[in-house]
Structure formats: structure tokens, C-alpha cells
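Open the model in your viewer and keep the selection panel at hand. Each stop below says what to select and what is there.

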Amino acid sequence: MTRHSDKIAVIGAGVIGAGWAARALAHGLEVIAWDIAANWQTGLRDAVENAWPALIRLGLYPGASLERLHFASSLEEACAKAGHVQECAPERLDLKRELFAEIDAVTAPHVVIASSTSGLLPSEFQVNCQNPERVVVGHPFNPVYLLPLVEVLGGRRTSEASIDHAIAFYTRLGMHPLRVRKEVAGFLSDRLQEALWREILHLVNDDVATTEELDAAIIYGPGLRWAFMGTCLSYHLAGGDQGMATFLQQFGPALKLPWTKLQAPELSPELIDKITAGTQQQAAGRSVKELEQLRDNCLIAIMQALRHYQAGAGRVLAGHEARLDNCLGAEQDSETSGF
């Protein structure tokens, strides 16, 4: 019989919900999903099946199977026996407040309820829950089934035990839980990405560069460094033998120059057309599913290369493979002992 701790309820079956489902299934868990959208079951199964080849390449845990994906007919059915609930509904505070109160009412009191929100604060949507201490944020990154980062934080009424439990659960799923110590809108990673995105919008809006040129400015330069060192440590190296102190002395004055515009430009119809046309040209007739496959293959190759150096996501991948080997070895021992 499947233990409750091996069951995850995924509430909301869009891109993020499908990513959570795929990752959990690959780690041998049972997934019970629920949504209110039309034909959500077909969309979810298609998305999980599209992700499965990449997960096979990374290695499947004992019990991993697409057959362990189940579709609930109600929220109560999805949450009734879940050992973890992952909410993936649209980014509307009113909706999350109502939804979390409903999830809280039909989920066992000891079970952590996590939101995949990319910026809403848990203190604001745990207010109507009878058990607010078990409400956390577990913010992942797309594709959830490959990227290991998940930002974890609680609200004013969240217990430390719930945060610890969530971190342990995400670690079990082969992720890198990053504890966000203070509630701040947008958390950490999205605030950084948002600053870059606003600058991209200005440069396209002002006809300085195309979307393809701006992506190239990341792909062939800082993006490669970011995969294993991030921004701060990269700049530490840029300061030479004296490190960050020298870097700040040399380049600090440039911060006074008008190089960036943090306030976003108006999303006029013209700017929307420029951005859309640019990315369509970059897609070059390839479907989103085809581009997802390309993205997945590239991400796996980068993580496997970093694994050799125990750097960045490569270190997380090495941990995943070690746990996988232990699980497969234990399963083989169990089967052998049965003879």
C-alpha cells in the first residue's frame, strides 16, 4: 500500500503544475492532480509525457511510472490522502486566499501546503486558514522537472517545523531548496530576473537591439558564468587578486552612469508586436514542444558537464545520482532476498 508521504497533490495543472507532477513521478511518488480548466487532464498528461524522455536520461527512481498520475474529480479527493500539497493556481491573491482556505479544510492537519507562487507573500494568503502554521511557499523554476532551484519561505504564522519539512521534501525530489529569510515581494530570483527583463523591454522598445541580439548577449557571455558562479562571485574574480573590494573601487563609479532603466516601459501594442515578432523569428517555425525538448537536452548537458566539477546544478545532479544508485541498489537487494 502506498504511504501517504508518497502521495503529492498537485492543485492546478498548467505548466508549473505539470512540471511538479513530472518531477514527483520520476522520483517514485504518486501524483493526484486537480484543476477546473476544460480538458486539463489531456493537457497535463501530454506535458508530463513530453518531459519524460529528459527524466529518463537523468534516471528514474524505483516506482517511477506515468501510471501513477491520477486525476481527481474534486479538490477534496485530491487532498484527502496527500502527504504534501503543491498549489499551482494563477497569480491572484484573492484566488489564493480562497483556495488555501478550501485546501486547508480538506487536508490532514499535519500536511504542509505549499504555494508555487512566484511573488505573492504567504502571510497574505494564509489568513483564512484554520491551520496557517503549515502554509509555505515553494517557488520552483521552469522546467520544474529539471531545474533544481526552489525558493522556500513562510509567512508570519508559518512554523519553522513546516519550513523544515518542506525543505526536506524538496531535497527528496532532487532539488536545491533556497531558504528566503524574509518575506519580500518577488522573493530573490524573480527580482533579479525582473530587473533584466525590464532592461530588455527598454532596449527593444528603443530599437537598440532585437530579442535575438539580447538573448545572444546573455547566451555567449554572462549566462555561461551564471550557470556555476552567479553574479557576485563572478565579479569577485573580475577584481583580480584582491577580489570584490578592488572590483567595487574600479567599477563603483559606473553605477552613477545612466546605463539602466529599472522602471519598465509601457507595454504598448507596438512593443508587444516587436517582442512577439522577435521571439517568433527566433523559434524559426519550431513548436513550443520542440523547443522544450531542445531546452531539456541542453540543460541536461550543462548539468552533466558541471557535475564533473561539483559546481552549481552539477553538484545537485551528483547528489541525485548518488541517491538514485542507493535506491536502485536497495530495490535490487530486496528483490534478491526474496529468492
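The tour goes from the whole chain to the sheet, then to the cores, and ends at single residues.

**Stop 1: the whole chain**

Start with everything shown as cartoon. This is a predicted model. The protein chain holds 14 helices and eight strands. Align the view to the principal axes: the C-alpha atoms fill a box of roughly 65 × 50 × 45 Å. The radius of gyration is 22 Å, which agrees with the value near 20 Å for a compact globule of 339 residues.

Now switch on the surface. About 18,200 Å² is exposed, and carbon and sulfur atoms supply 57% of that area. Of the 339 residues in the protein chain, 41% are buried. A contact map adds one figure: among contacts with a separation of 6 or more, 70% join residues 24 or more positions apart.

**Stop 2: the sheet**

Select the strands and hide the rest. Eight strands form an open sheet with mixed pairing, in the order 3-2-1-4-5-6-7-8. Which strands stand at the edges? Colour residues 69-71 and 176-179: these are strand 3 and strand 8. Each has a single partner strand, so one side of each is left without a neighbour in the sheet. Look along the sheet for its twist: on average, neighbouring strands are turned by 25 degrees against each other, direction ignored.

Zoom in on residues 113-115 and 135-140. Here strand 5 and strand 6 run parallel and are joined by three bridges. Show S115 as sticks: V137 in strand 6 stands opposite.

**Stop 3: helices on the sheet**

Bring back residues 15-26. This is helix 1, which lies across strands 1, 2, 3, 4, 6 and 7. Against strand 1 (7-11), helix 1 runs at about 170 degrees.

Next, add residues 160-172. Helix 6 also packs on the sheet, and touches strands 1, 4, 5, 6, 7 and 8. What angle does the direction of helix 6 make with that of strand 7? The value is about 170 degrees.

**Stop 4: the nonpolar cores**

In soluble globular proteins, nonpolar side chains tend to be buried together. Select W20, V31, L44, V48 and Y170 as spheres. They have the most contacts inside the largest nonpolar core, which has 41 residues. Elements that each supply at least two residues of this core include strand 1, strand 2, strand 7, helix 1 and helix 6. Helix 13 (288-307) and helix 14 (313-337) do so too. Which helix gives the largest share? Select residues 40-58, the span of helix 2. Helix 2 contributes eight residues, the largest share of this core.

Stay with V31 and expand the selection to its contacts. Beyond its neighbours within four places in sequence, V31 is in contact with I8, V10, A21, A24, L25, R68, L69 and H70.

Then pick A9, L99, F100 and F187. They are among the 25 residues of a second, separate core.

**Stop 5: backbone details**

Go to N142 and P143. The peptide bond between them is cis, with omega near 5 degrees. P143 sits in the loop between strand 6 and strand 7.

Two residues with positive phi come next. N39, not a glycine, has phi of about 55 degrees. N39 lies in the loop between strand 2 and helix 2. Its relative accessible area is 63%, so N39 is exposed. Now jump to Q310, also a residue other than glycine, with a positive phi near 55 degrees. Q310 is in the loop between helix 13 and helix 14. Is Q310 exposed, partly exposed or buried? At 46% relative accessibility, Q310 counts as partly exposed.

**Stop 6: two buried polar side chains**

Select S189, which lies in helix 7 (residues 189-205). The cut-off for buried is under 20% relative accessible area. S189 has 17% relative accessibility, so S189 counts as buried. Show what surrounds S189: leaving aside neighbours within four places in sequence, the contacts are F141, L149 and E151.

Finish at T246 in helix 11 (residues 244-251). T246 counts as buried because its relative accessibility is 17%. Draw a distance from T246 to H236, C-alpha to C-alpha: the two are 8.5 Å apart in space and 10 residues apart in sequence.

Conventions: Residues are numbered from 1 along each chain as its sequence is written. This is a predicted model: local features need pLDDT of at least 70, side-chain atom pairs count only at pLDDT 80 or more; totals for chains, interfaces and linings use all residues. Side-chain values use heavy atoms; hydrogens and water are left out. Two strands pair if DSSP finds at least two bridges between them. Helices (H or I, at least four residues) and strands (E, at least two) are DSSP runs, numbered from the N terminus. Axes are lines fitted to C-alpha atoms, for helices over the stretch in contact, and angles run from 0 to 180 degrees between N-to-C directions. Contact means heavy atoms within 4.5 Å. A nonpolar core is a set of buried Ala, Val, Leu, Ile, Met, Phe, Trp, Tyr and Cys residues joined through side-chain atoms within 4.5 Å. Buried means under 20% relative accessible area, exposed over 50%, partly exposed in between (1.4 Å probe, protein chains only). The radius of gyration is taken over C-alpha atoms; the globule rule is 2.2 Å times the number of residues to the power 0.38. Accessible areas come from the Shrake-Rupley method with a 1.4 Å probe; for residues, only the protein chains shown count as cover.
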